[in-house]
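Open the model in your viewer and set the ligand as the centre of view. The tour starts there and works outward.

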Amino acid sequence: MTIALCPGSFDPATNGHLDIIRRASDQFETVIVGVLHNPAKAPTFTTEERIEMLKASLDGIADVISFEGLTVDACKTVGATVLVRGLRTVSDFDGEEQMAQMNARLGVDTAFFSCEPAFAFISASLIKEVVRYGGSVAGLVSPFVEKRLIESLAGKTARK
Ligand code: PNS
């Protein structure tokens, strides 16, 4: 049985992330989503909020955990033997390839999934910017995430 770990910040999860997790769960017996707990990065949503949004959006197709430190150590903890990452555009490739090679050296290979073209332009930071300025992100995130984004960010732009 292959256990795959899909690591990321998920601040918050977008429909692009959900698509990759769903497709990974078609290929691997078990997919575990690993939410990086890194307070130094000052995420918009707490680790608990990011986990809640993922769980509410995934309909039980994957377990969700948080982890600190190295992704390969999280793999050891949960028994994962492969990492899953999504690639949106060619500009994602350089950084992803670098991480994949380092993680391979540390003992875990990465399987890349090519992003659904309809989601190639989505990033969590762009989604947050659109919501802050009152734009709609319907269809780009799950309804649960959309609600949380509006509650947390709508109208909360920086003062001049
Ligand atoms: O969603 P993101 O921000 O692109 O995810 C990046 C993440 C969490 C996968 C990456 O920063 C990571 O793996 N961090 C854990 C630290 C680590 O293992 N570093 C060495 C990997 S090369």
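A residue counts as near the ligand if one of its heavy atoms lies within 4 Å of it. Keep in mind that this is a predicted model.

**Stop 1: the shell.** Select Gly-8, Ser-9, Leu-36, Lys-41, Gly-69, Leu-70, Thr-71, Arg-85, Met-99, Met-102 and Asn-103. These are the residues around the ligand. Colour them by class: four are nonpolar, five polar and two charged. Now show helix α4, residues 90-105. With three residues, α4 gives the most to this shell.

**Stop 2: the polar contacts.** Which side chains put a polar atom 2.6 Å from a ligand oxygen? Pick Ser-9: an N or O atom of its side chain is 2.6 Å from an oxygen atom of the ligand. Pick Thr-71: its side chain also has an N or O atom 2.6 Å from a ligand oxygen. Then go to Arg-85, where a polar side-chain atom lies 2.9 Å from an oxygen of the ligand. On its own the ligand has 550 Å² of accessible area, and the protein covers 72% of that.

**Stop 3: the pocket.** Hide the contacts and show the largest pocket. The ligand sits in it. The volume of this pocket is about 1,000 Å³. Its lining has 42 residues; Pro-7, Gly-8, Ser-9, Arg-85 and Glu-96 lie nearest the centre. By class, the lining holds 21 nonpolar, 13 polar and eight charged residues.

**Stop 4: the elements behind it.** Select β1 (3-8), α1 (15-27), β4 (82-87), α4, β5 (109-114) and α5 (124-132). Each supplies at least two lining residues. End on α4, which contributes six, the largest share of the lining.

Notes
Residues are numbered from 1 along each chain as its sequence is written. This is a predicted model: local features need pLDDT of at least 70, side-chain atom pairs count only at pLDDT 80 or more; totals for chains, interfaces and linings use all residues. Side-chain values use heavy atoms; hydrogens and water are left out. A polar contact is a pair of N or O atoms within 3.5 Å; within protein, one must be able to donate a hydrogen and the other to accept it, and residues adjacent in sequence count only if both atoms are side-chain atoms. Accessible areas come from the Shrake-Rupley method with a 1.4 Å probe; for residues, only the protein chains shown count as cover. On a 1 Å grid over the protein atoms alone, a cavity is a set of points where a 1.4 Å probe fits but cannot get out, and a pocket is an open set with protein on both sides within 12 Å along at least five of seven lines; lining residues have an atom within 4 Å of a point. A molecule sits in a cavity or pocket if more than half of its atoms lie within 2 Å of its grid points. Helices (H or I, at least four residues) and strands (E, at least two) are DSSP runs, numbered from the N terminus. Ala, Val, Leu, Ile, Met, Phe, Trp, Tyr, Cys and Pro count as nonpolar, Asp, Glu, Lys and Arg as charged, and the others, Gly among them, as polar. Grid points are joined across faces, edges and corners, and a volume is the space filled by probe spheres set on the points.
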